[in-house]
Amino acid sequence: MHFFRYHNGHLYCEDVDLARVAEKFGTPLYVYSAGTILDHYTRLDAALAPLDHLICYAVKANSNRAILNLLADAGAGFDIVSGGELYRVVAAGGDPARCTFAGVGKSREEIEYALEQRVYSFNVESEAELDYIDRLAGTKNLRAPIALRANPDVDPRTHDYVSTGSRENKFGIALGRLPAVYERASKMRNVEIVGVQMHIGSQITEAKPFASAIKKVAPIVRELKLKYGINFFSIGGGLGIVYESSFESGTKAWWDESVGRDRRARRGKSLSIREYVDAILPALRDLNLRILLEPGRLLVGNAGVLLTRVLHIKQTVEKKFAIVDAGMNDLIRPALYHSYHEIVPVNQPIASTSMSKSKSKSSMEKIDIVGPVCESGDFFALDREMPEVHEHHLLAIMSAGAYGFVMASNYNSRPLPAEALVHGDRFTLIRERQTWEDLVRGEVEPEW
Ligand code: LLP
């Protein structure tokens with residue numbers, strides 16, 4: 001799960017009081033737990049031990065150099081989707097020979113850079129792209145290692161925006177067409193067939209869609225192995241995490257007790273690493289191929305929080321709002337996908353410690369947690385039952401380690417937030433907060 005815990009009413013990340021980190025670096029602030037990331041990586045790696053495997057961390061989930069460096073040192077490869085991501089991996093000491101380059105629209109500049117860096121594989125999404133890569137590799141007198149992305153047409157039963165493995169999506173090549181495209185590729189002078197890839201979607205919380213997709217693609221993989229001697233089968237990423245009540249039972253007792261069993265029962269659906277691996281292992285084992293995984297969220301999602309301070313409380317006839325200093329530009333997931341993020345106070349309200357159970361129950365309230373951006377979609381929680389929230393309170397928006405900072409923008413001319421990393425009892429800044437000067441850097445007024 002994660003290494004965020006309450007100690008005497010204070011929320012800690014590993015051995016560090018989060019209030020101290022906010023004090024030092026200000027808010028809004030992303031804070032990541034290195035221990036949690038490494039724990040997730042190690043557990044996944046161990047569960048995959050029966051297979052020849054490589055975990056290619058999906059850089060798009062969180063691309064801070066410090067995080068990439070942590071995972072590179074742990075032995076990870078990387079799944080990249082842009083030249084910029086490859087540049088980051090290289091800057092963080094990652095090995096391009098352990099990188100797969102995915103994405104439906106790679107530019108000339110990106111393909112050339114990836115060829116020069118000798119990436120492990122280009123994951124090709126269309127015939128047009130295959131031709132393009134062949135041509136560009138030819139101009140450099142190189143052979144591009146390629147895998148075609150299979151579209152297995154399965155429903156991953158997740159949010160529409162992050163579902164990628166069904167026929168209507170723009171991703172991959174239909175299974176029926178795949179053998180013919182491989183045949184074409186085999187005749188190209190400047191590409192080398194090295195594998196097969198697929199990815200059916202993100203935040204998937206059951207094992208079944210993964211197993212069905214593998215079952216559908218495995219017979220083709222077997223054939224391709226015989227015909228072209230491919231080296232790997234990448235089964236993509238997509239493992240879901242728990243967003244709701246993500247604390248392990250007992251660690252938030254003071255609050256859970258006051259909310260009662262309901263909340264504990266509402267604990268989000270999760271797919272454990274064990275369940276996932278047990279479901280995929282049988283079909284993969286007898287392929288006798290190297291298996292690649294591209295997890296993003298699983299490794300970093302629960303390993304990060306967004307700390308934000310309450311600026312004002314606004315009570316209207318209908319509602320009570322806590323207006324916080326983070327906005328949809330800092331974490332867009334609730335606005336974009338209506339996604340749920342647990343929100344907890346960094347310091348347990350003093351009153352509730354000394355209160356009896358029944359009294360602390362009455363200090364719960366329903367509140368909207370909203371940002372300062374000029375849009376009604378700028379919210380983190382609506383009608384959320386929370387311990388009473390007051391001005392200047394520090395809140396932690398949980399499970400913000402994946403697709404948090406990476407999707408942040410300067411909307412409303414708000415500087416990008418800072419990022420910090422905790423490891424044991426140490427903490428450090430891994431990205432400076434942007435300044436107002438940064439906002440206008442690179443902008444020029446025409447001279448005419
Ligand atoms: N491989 C490919 C080809 C992908 O497209 C993705 C994610 C991954 C791997 C990693 O998926 P993960 O293990 O993290 O689920 N912004 C959205 C998520 C978009 C995911 C896009 N592709 C969100 O905030 O939920």
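**View 1. Proline 152 is a buried loop residue.** In this predicted model, proline 152 has a relative accessible area of 1%, so it counts as buried. The loop that holds proline 152 runs between strand E9 (144-151) and strand E10 (173-174). If you would like a second proline for scale, try proline 50: the two are 102 residues apart in sequence, and their C-alpha atoms are 25 Å apart in space.

**View 2. A cis peptide bond leads into proline 28.** Here we look at the bond from threonine 27 to proline 28, which is cis, with omega near -5°. Proline 28 sits in the loop between helix H1 (18-25) and strand E4 (29-33).

**View 3. Asparagine 64 is buried and touches residues from elsewhere in the sequence.** Asparagine 64 belongs to the loop between strand E5 (53-58) and helix H3 (65-74). Its relative accessible area is 7%, under the 20% limit, and therefore asparagine 64 is buried. Leaving aside residues up to four places away in sequence, the contacts of asparagine 64 are Arg88, Glu419, Ile430 and Arg431.

**View 4. Helices H6 and H7 pack roughly parallel to one another.** The axis of helix H6 (residues 127-139) comes within 11 Å of the axis of helix H7 (residues 178-186), and the two cross at roughly 10°. Because that angle is under 35 degrees, H6 counts as roughly parallel to H7. On the H6 side the contact is made by Glu127, Leu130 and Asp131, and on the H7 side by Val181, Arg184 and Ala185. Sorted by class, the contact has 3 nonpolar and 3 charged residues, with no polar ones.

**View 5. The largest pocket has a lining of 30 residues.** This pocket holds about 620 Å³ of space. Nearest its centre you will find Lys60, Thr164, Phe171, His199 and Tyr403. Helix H12 (297-300) and helix H13 (333-337) each give the lining at least two residues. Which classes make up this lining? The pocket is lined by 14 nonpolar, 8 polar and 8 charged residues.

**View 6. Tyrosine 403, from the pocket lining, has a positive phi.** Phi of tyrosine 403 is near 55°, a positive value in a residue other than glycine. Tyrosine 403 is part of the loop between strand E19 (394-397) and strand E20 (418-423). With a relative accessible area of 15%, tyrosine 403 is buried, and this residue is also one of those nearest the centre of the largest pocket.

**View 7. Glutamine 203 also combines a positive phi with a buried position.** In glutamine 203, again a residue other than glycine, phi is near 50°. Its loop lies between strand E11 (191-197) and H8. Is glutamine 203 buried or exposed? At 18% relative accessibility, glutamine 203 counts as buried.

**View 8. The largest cavity holds about 50 Å³ of space.** The model has 3 cavities of 30 Å³ or more, and this view shows the largest. Its lining consists of Met198, His199, Ile200, Phe210, Ala213, Ile214, Ile235 and Tyr276. Helix H8 (residues 208-228) gives the largest share of that lining, 3 residues. By class, the cavity lining has 7 nonpolar residues and 1 polar residue, and no charged ones. His199 will be familiar from the pocket view: His199 lines the largest cavity and is also among the residues nearest the centre of the largest pocket.

Note on methods: Residues numbered from 1 in each chain as written. Predicted model: local features only at pLDDT ≥ 70, side-chain atom pairs only at ≥ 80, totals over all residues. Heavy atoms only, no water. Helix = DSSP H or I, 4+ residues; strand = E, 2+ residues; numbered from the N terminus. Buried < 20%, exposed > 50% of the residue type's maximum accessible area, 1.4 Å probe, protein only. Contact = heavy atoms within 4.5 Å. Axes fitted to C-alpha atoms, helices over the stretch in contact; angles between N-to-C directions. Parallel < 35°, antiparallel > 145°, perpendicular 65-115°, else oblique. Nonpolar A, V, L, I, M, F, W, Y, C, P; charged D, E, K, R; others polar. 1 Å grid on protein atoms, 1.4 Å probe; cavity = no way out; pocket = protein on both sides within 12 Å on 5 of 7 lines; lining within 4 Å. Points joined across faces, edges and corners; volume = space filled by probe spheres on them.
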